[in-house]
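Trainee: Please take a close look at the enclosed cavities here. I would like to know what lines them and where the lining comes from.

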Amino acid sequence: MSASILIVGLPWSQDELALAVRAVRALGGRPVVADTERALGTVRPPEGCAFLPVEELSVPAVVAACGDSRPDHVVSITELTTVLAAQVREALGLPGTPAETEAAVTDKFRTRSLLRAAGLTAVDCRETSLRDLPGVLASADLPVVVKPVAFTGSHGVRHIAAPSDLAALMDSYDPDAAAESGRDRLIVESVIPGDEISAEAVCVNGEVHLLGLTDKFNTGVPHYYEVGHVMPSRHTAPWQDRVRAYLQDVVSVLKIRTSALHAELKLHDGRVELVELHTRFGGGSIVHLLAEAYGIRAYDVWFAALLRGEVPDVPRTTGTAGVAFFGGWAGAPFRWHSYDFPHAGAVIELTLDARARPKVRQHEGIRLGYWRTGRAVFHAAGADGYARVAENVGFVRDQFLSLDPAVRPHGSPTHHEGTHR
């Protein structure tokens, strides 16, 4: 009988779900997705995928729904259910990364604390709450970055350069809703200098196998919203061995077993510094870029490690790939100035739905500051391939920054200063 993989929780991206399901089936496995009946009713099951409706997303409900048909593996491909998936694994007696580890990874303060104890971070970090934040900032050495202890996409993140920036940060939250859901827990960190990249990897039985490094394009201070990526990073050759070694140390400290890895990192003065870590692949079309830049089917690699213990081959680049997102500031209508890319020959895909709107305006008390209506995907080979792709991504980023300044969140920049998520 083929092995089954239970995916706990629908991801926000249905494209990601389709890729994951396809990967399970390609390896001869049986994909099953567990979520509430209401959530599952909003999407059509990918071909060959079974849905497992549960009364609620909880360990008892998921375990009860499995009944005698116990899965062989349990995973999550969304940040919101990685801890739950690990708890289900443990309740069913299945191997994998411990729930305690998953909880530490999703909690940025716990991650930072564990790494500091191991000498793997030099970042000053304090935990606080929305209510106590003013007092913490009054005694902090500014500038700092304030962000939710657990969330993604740079929502709720704010660069604080002066006490007057606090009011704009508070506008990013609904205090009562955030407190009710536990999203009012924040961390205050020193600003990390340097260039930011992300690293995609697969951890197989505790050993890190690096797949690719990516350069990040974003809106800069104070929000750091991501608007594009370029892969491979221009830092790949001089930094990949140091990044791999650093991630191996991080994985060992956190006790991650077999898992996908997405790490946001800063490179500065010969040192690698973690911004944050996830036990899933990066969003924002990162999986698509791995296919375009390296020919890697990321979920195939992850699930081959999970089902068969296979170690991925060292990837070879097929050129430079990039993605940039069309969108706008939350609350503003979609407007775009130009699609006249500086290197039109590098455009391989263009998708846009000007009618698209955010599914939600806030999640558990954190107000979403931006939204996306489509994307442009780029690929170019040759010595100047990186420059052509990067200029196209920068072209989209610069237009995003110029959109509807009257409704732009307070203090949005007009330049790029790296990502701090």
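Mentor: The largest cavity encloses about 150 Å³ of space. This is a predicted model, and the volumes and linings are computed from it. Around the largest cavity there are 16 lining residues. Nearest its centre lie Val-74, Val-75, Arg-89, Glu-102 and Trp-302. Two or more lining residues come from each of strand S4 (73-75), helix H4 (82-92) and helix H12 (298-308). By class, the lining of the largest cavity holds 8 polar, 6 nonpolar and 2 charged residues.

In total, the structure has 2 cavities of 30 Å³ or more. The second largest has a volume of about 70 Å³. Strand S13 (271-278) contributes to its lining, as do helix H5 (99-106) and helix H6 (108-117), each with at least two residues. S13 gives the largest share, 5 residues. The stretch Leu-274, Val-275, Glu-276, Leu-277 and His-278 is part of this lining. Val-105 and Thr-106 also line the second largest cavity, as do Lys-108, Thr-111 and Arg-112. Glu-79 completes the list of lining residues.

The lining of the second largest cavity divides into 4 charged, 4 nonpolar and 3 polar residues. Among the residues there, Glu-79, Lys-108, Arg-112 and Glu-276 count as charged. Thr-106, Thr-111 and His-278 count as polar, while Val-105, Leu-274, Val-275 and Leu-277 count as nonpolar.

Terms used. Residues numbered from 1 in each chain as written. Predicted model: local features only at pLDDT ≥ 70, side-chain atom pairs only at ≥ 80, totals over all residues. Heavy atoms only, no water. 1 Å grid on protein atoms, 1.4 Å probe; cavity = no way out; pocket = protein on both sides within 12 Å on 5 of 7 lines; lining within 4 Å. Points joined across faces, edges and corners; volume = space filled by probe spheres on them. Helix = DSSP H or I, 4+ residues; strand = E, 2+ residues; numbered from the N terminus.
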